[in-house]
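Student: I have a new structure to look at and I don't know my way around it. Can we go through it together?
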Amino acid sequence: MAKLTSDVAQHTALYVEAFNRGDADAVNAMYTEEAVAVWEPGVPLTGQDRIDAVKEFLARGPKMTAVPRQSFVTGDTALLIVDWSIDTKDADGKPERLEGVGVDVLRLNADGHWLYAIDDPYGEEK
């Protein structure tokens, strides 16, 4: 089950918890229906493509660390800048480390929880 938060400062930690559990349903619940995710630079995913990509990636058992660097909130919109790394396996099963500085836009939904509207982990290349 997804843990959602009304505290934007807690959003990243809850995302990491769900991600590291491999809980694709919980991770996907943290996005608005129309959310855009850019997990491969220059390739935005939305709708079922985004949902399926989460399930596919989490099936490989990746582990993430993420630390918010900055957050800005105005009304029902938040911007998070996040340093992250993911230990996973490449297509050949060899260990691989991915890392970057994410630029995320969150929206406060009707029930008072923050959800990703835009998730761009490669917002700033390291």
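Tutor: We can start with Thr-32, which is found in strand E1. Keep in mind that this is a predicted model.

Student: OK. Is Thr-32 buried or exposed?
Tutor: Thr-32 counts as buried, because its relative accessibility is 10% and buried means under 20%.

Student: What is Thr-32 in contact with, leaving aside its neighbours within four places in sequence?
Tutor: With that restriction, the contacts of Thr-32 are Arg-50, Arg-107, Leu-115, Tyr-116 and Ala-117.

Student: Back to the strand. Which strand does E1 pair with over three bridges?
Tutor: That is strand E2, residues 43-46, and the pairing with E1 is antiparallel. One bridge in it has Glu-40 with Val-43 of E2 as its partner.

Student: How many residues sit between the strands in that hairpin?
Tutor: The hairpin of E1 and E2 has two residues between the strands, and Gly-42 there takes a positive phi near 80 degrees.

Student: What about E3 and E4, how many bridges join them?
Tutor: E3 and E4 run antiparallel and are joined by 11 bridges. Thr-65 stands opposite Ser-85 in E4, and Ser-71 stands opposite Leu-80 in E4. In their hairpin there are two residues between the strands, with Gly-75 at a positive phi near 60 degrees.

Student: And E4 with E5, in which sense do they pair?
Tutor: Antiparallel, over 13 bridges. Leu-80 comes up again here, since it stands opposite Asp-104 in E5.

Student: Which glycine takes a positive phi in the hairpin of E4 and E5?
Tutor: Gly-93 does, near 85 degrees, in a hairpin with five residues between the strands.

Student: New topic. Which residues touch the most other members in the largest nonpolar core?
Tutor: Tyr-15, Phe-19, Val-27 and Leu-106 do, in a core of 25 residues. Two or more residues each come from H1, helix H2 (24-28), E1, H3, E4 and E6. H1 gives the most to this core, six residues.

Student: Why would nonpolar side chains be together like that?
Tutor: There is a general tendency: in soluble globular proteins, nonpolar side chains tend to be buried together.

Student: What does Phe-19 touch, leaving aside neighbours within four places in sequence?
Tutor: Phe-19 is in contact with Val-27, Phe-57, Leu-58, Pro-62, Lys-63, Met-64 and Ile-86, with those neighbours left aside.

Student: Now pockets. How much space lies in the largest pocket?
Tutor: About 610 Å³. Its lining has 29 residues, and Phe-19, Trp-39, Phe-57, Ile-86 and Pro-121 lie nearest its centre. So Phe-19 is named both for the core and for the centre of the pocket, where the lining is counted by having an atom within 4 Å of a point.

Student: How do the residues of the pocket lining divide?
Tutor: Into 19 nonpolar, two polar and eight charged.

Student: Which element gives the largest share of that lining?
Tutor: H3, with five residues. The elements that supply at least two residues each are H1, E1, H3 (47-58), E3 (63-74), E4 (77-89), E5 (95-108) and E6 (114-124).

Student: Since we're on H3, what does Lys-55 touch, not counting residues up to four places away?
Tutor: Lys-55, which is found in helix H3, touches Ala-24, Asp-25 and Asn-28 on that count. Lys-55 is partly exposed, because its relative accessible area is 41%.

Student: And the start of the chain, where does Met-1 lie?
Tutor: Met-1 lies in the segment before helix H1, which spans 8-21. At 87% relative accessibility, Met-1 counts as exposed, because exposed means over 50%.

Student: What does Met-1 touch, not counting residues up to four places away in sequence?
Tutor: Met-1 touches Arg-21, Asp-23 and Ala-26. Met-1 and Ala-24 are 23 residues apart in sequence, with 9.8 Å between their C-alpha atoms. For Lys-55 and Met-1, the separation is 54 residues in sequence and 15 Å in space, C-alpha to C-alpha.

Student: You mentioned Asp-23. Where does Asp-23 lie?
Tutor: Asp-23 lies in the loop between H1 and H2. Not counting residues up to four places away in sequence, Asp-23 touches Met-1, Ala-18 and Leu-58. Asp-23 and Ala-9 are 14 residues apart in sequence and 21 Å apart in space, C-alpha to C-alpha.

Technical notes: Residues numbered from 1 in each chain as written. Predicted model: local features only at pLDDT ≥ 70, side-chain atom pairs only at ≥ 80, totals over all residues. Heavy atoms only, no water. Helix = DSSP H or I, 4+ residues; strand = E, 2+ residues; numbered from the N terminus. Buried < 20%, exposed > 50% of the residue type's maximum accessible area, 1.4 Å probe, protein only. Contact = heavy atoms within 4.5 Å. 1 Å grid on protein atoms, 1.4 Å probe; cavity = no way out; pocket = protein on both sides within 12 Å on 5 of 7 lines; lining within 4 Å. Points joined across faces, edges and corners; volume = space filled by probe spheres on them. Nonpolar A, V, L, I, M, F, W, Y, C, P; charged D, E, K, R; others polar. Pairing = 2+ DSSP bridges. Core = buried A, V, L, I, M, F, W, Y, C linked by side-chain atoms within 4.5 Å.
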